[in-house]
Amino acid sequence: MTYKEMYEAALKNLAPMKHSDDFSSGTVSAVIEGANGKYYAGVNLDFSCGLGFCAERSAAAAMVTDGETVIRRVVCVNQSGELWMPCGSCREFISLLSPKNKNTEFLQCLEGEKTVRLSALLPSPWNG
Ligand SMILES: [Zn+2]
């Protein structure tokens, strides 16, 4: 998939839902490409107690379930269709999945396909 196709796939998966007073989901959507060449999708899960699961981690969990830990590319969008950079927890999570993920690219701007690598977003990981 091109970045544009990944972006469109992420938009398609947006599905904001309030399941209960304590649980909502689908306001953020991510599509990731694993080193195995497969694509994985995920949406955010938000709980009233403060627990939650970002779209990037949701997609990465599906990838790990499929036996892959290395992510080539990430596209994440919010419900306005804006590209989102990973939060600190996702940066750490992706970093710890594999040392090779320092090269994971995140789409910053669709126009010109501007990307940033995880190594730039997390320049000094605690584990080296
Ligand atoms: Zn996150």
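**Helix H2, its neighbours and the zinc site**

In H2, the buried residues (under 20% relative accessible area with a 1.4 Å probe, protein chains only) are Ala55, Glu56, Arg57, Ser58, Ala59, Ala60 and Met63. This is a predicted model, in which local features need pLDDT of at least 70 and side-chain atom pairs count only at pLDDT 80 or more, while totals for chains, interfaces and linings use all residues. Residues are numbered from 1 along each chain as its sequence is written, and side-chain values use heavy atoms, leaving out hydrogens and water.

What lies over those residues? The cover of H2's buried residues includes strands E2 (23–34), E3 (39–47), E4 (52–53) and E5 (71–78), along with H3. Helices here are DSSP runs of H or I with at least four residues, and strands are E runs of at least two, numbered from the N terminus.

Let's follow H3 next. H2 (residues 55–65) packs against H3 (residues 88–97) at about 20 degrees, with the axes, lines fitted to C-alpha atoms over the stretch in contact, 10 Å apart. The two helices are therefore roughly parallel (an angle under 35 degrees). On the H2 side, Glu56, Arg57, Ala60, Met63 and Val64 are in contact (heavy atoms within 4.5 Å) with Ser89, Cys90, Phe93 and Leu97 of H3. By class, that contact has six nonpolar, one polar and two charged residues.

Cys90 also leads us to the zinc ion. Its protein donors (N, O or S atoms within 2.8 Å of the metal) are the SG atoms of Cys54, Cys87 and Cys90, lying 2.3 Å from the ion. Cys90 counts as buried because its relative accessibility is 0%, whereas Cys87, at 32%, counts as partly exposed (between 20% and 50%).

How values were computed
Axes fitted to C-alpha atoms, helices over the stretch in contact; angles between N-to-C directions. Parallel < 35°, antiparallel > 145°, perpendicular 65-115°, else oblique. Nonpolar A, V, L, I, M, F, W, Y, C, P; charged D, E, K, R; others polar. Donors = N, O, S within 2.8 Å, 3.2 Å for Na, K, Ca; no water.
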